[in-house]
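Here's a walk through this fold, one piece at a time. Keep the viewer open and follow along.

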Amino acid sequence: MKNYLLVGAGFSGAVIGRELAEVGHQVTIVDSRSHVAGNCHTERDPDTNVMLHVYGPHIFHTDDQEVWEYVNRFSSFKDYTNRVKTTSRGQVFSLPINLHTINQFFGKTLRPDEAKAFIEQQADTSIEDPKTFEEQALRFVGNDLYEAFFKGYTQKQWGCHPSKLPASILKRLPVRFNYNDNYFFHRYQGMPEHGYTRLVEGILDHPNITVKLNTRFERSQAQDYDHVFFSGPLDGFFDYEQGRLGYRTLDFEKFTDKGDYQGCAVMNYGEEEVPYTRITEHKHFSPWEEHEGTVCYKEYSRECGPDDIPYYPIRLVEEKEMLGNYIALANQTTGVSFVGRLGTYRYLDMDVTIREGLDAARQFLSHVERGETVPAFFVQPL
Ligand SMILES: Cc1cc2nc3c(=O)[nH]c(=O)nc-3n(C[C@H](O)[C@H](O)[C@H](O)COP(=O)(O)OP(=O)(O)OC[C@H]3O[C@@H](n4cnc5c(N)ncnc54)[C@H](O)[C@@H]3O)c2cc1C
């Protein structure tokens, strides 16, 4: 039996900790926050009893059968389909751009093949090899749809002009030529019935696991354990000695109302003149519940400062260079592995986080069994 320390009680720390505990190891999990579940934390609003997604809305979706069965072991799930609307130019449209959006936007009644041909006419085919987000959008949807649905939203979300962002941010063909407005294509989609925090508490509920909240990890604590899994920020582990990796952070302006404020869970605002990117109405994330009151969050995106919560890694050229330096430092550090979205400086959906957590624990145990050095990363961040 060994003693392992997990830094962070989000999905990364919880899943790895549980796997190690189940084979008989003692596991301590520390988190500087007052709750488990990391950024997926949910709690009931004391006034309305609405389940709040405190750090922004989270919808579980996956094609990974094992991960789906894993989360269903710890919580019952309710069906949930993510459907997003956007307000632009004084109208409400359906997202992702689909046949309804195209017909409404251009005032037409096109069928799929007609719409395809029409959008091809709109597209800027002179762009052969799109390098930037803007070129990618112009190449595939043309200027009108780009301006209404992508330009302002992207500028607000990333704080820079779409011509400065890589084409890879935008999916190859961000348009559907049918009326399917389900945001995700995955086989499984749903919401944990009692929220994500209850789900993570279930994962952590094991006699070999001790959770210490309101506890910040200091590097000197590593010596008390046989190995540390760090799911906090990679640059933070090294006291930012190579500089700070760039992130976007979010501010949420909470307001309450009676009844139904906007009739849907997520309403985007595509125009730059509206300072927020979207309004989320949290009771609609639990459509099987009934509440008289309602709670909404206006969501604003901005550059992450030293005291802010890091949300989206920026990963442009400068950050990638700095990331390389931190990877080199991590590879020289023994007894610590870096995991999760912050430890590897990548955007990860929850299902990917869980998959990587399960794989990391398995790889770790097999390294230990074979007496091999444990790597700093189980997934390469670059
Ligand atoms: C706005 C937003 C919306 C999202 N929506 C979805 C969605 O709809 N569907 C989906 O699948 N995914 C979504 N995600 C992704 C999801 O949030 C991540 O997959 C998940 O949070 C990753 O878990 P993690 O454990 O790696 O990181 P985290 O959840 O960030 O957990 C890391 C934990 O480490 C703790 N910590 C950090 N440093 C220290 C330290 N020094 N000492 C002690 N504790 C420390 C932190 O307090 C935190 O609790 C979304 C992400 C964002 C930003």
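**A guided tour**

Let's start inside a sheet: Thr280 has Tyr297 of E15 as its bridge partner. Before going further, note that this is a predicted model, where local features need pLDDT of at least 70, side-chain atom pairs count only at pLDDT 80 or more, and totals for chains, interfaces and linings use all residues. Residues are numbered from 1 along each chain as its sequence is written. As for the labels, helices (H or I, at least four residues) and strands (E, at least two) are DSSP runs, numbered from the N terminus.

That Thr280–Tyr297 bridge belongs to the pairing of E14 with E15, which is antiparallel and has four bridges. Two strands count as paired if DSSP finds at least two bridges between them. Zoom out, and you'll see an open sheet of seven strands in the order E8-E7-E13-E14-E15-E12-E16, with mixed pairing. Strand E8 (91-95) and strand E16 (312-313) sit at the edges with a single partner strand each, so one side of each has no neighbour in the sheet.

Now work through the pairings in between. E7 and E13 run parallel, joined by four bridges, and Thr87 has Tyr269 of E13 as its bridge partner. Strand E13 (residues 266-269) then pairs with strand E14 (residues 278-281) in the antiparallel sense, over three bridges; here Asn268 is matched with Arg278 of E14. On the other side of E15, E12 and E15 are antiparallel over 11 bridges, and one of the matched residues is Lys258, whose partner in E15 is Gly293.

What packs on this sheet? Helix H5 (residues 133-158) does, touching strand E7 (84-88), strand E12 (247-258), E13 and strand E15 (293-303). Contact here means that the C-beta atoms of two residues, placed from the backbone, lie within 7 Å. The direction of H5 makes about 95° with that of E7; axes are lines fitted to C-alpha atoms, for helices over the stretch in contact, and angles run from 0 to 180 degrees between N-to-C directions.

There's another sheet to find. Its five strands are in the order E10-E2-E1-E11-E17, and this open sheet has parallel pairing. Strand E10 (209-212) and strand E17 (336-338) are the edge strands, each with a single partner strand, so one side of each is left without a neighbour. From one strand to the next, the twist averages 20°. Strand E1 (residues 3-7) and strand E2 (residues 26-30) run parallel and share five bridges, with Asn3 matched to Gln26 of E2.

Next, look at helix H1 (residues 11-22) and helix H10 (residues 350-369), which pack at an angle of about 35° with their axes 8 Å apart. On the H1 side the contact includes Phe11, Val15 and Leu20, and on the H10 side Met350, Ile354 and Leu358 are among the residues involved.

Finally, the ligand. It is surrounded by 34 residues, the closest being Gly8, Gly10, Gly38, Gly232 and Gly340; a residue counts as near if its C-beta atom, placed from the backbone, lies within 6 Å. H1, helix H9 (340-343) and H10 each give two or more residues to this shell.
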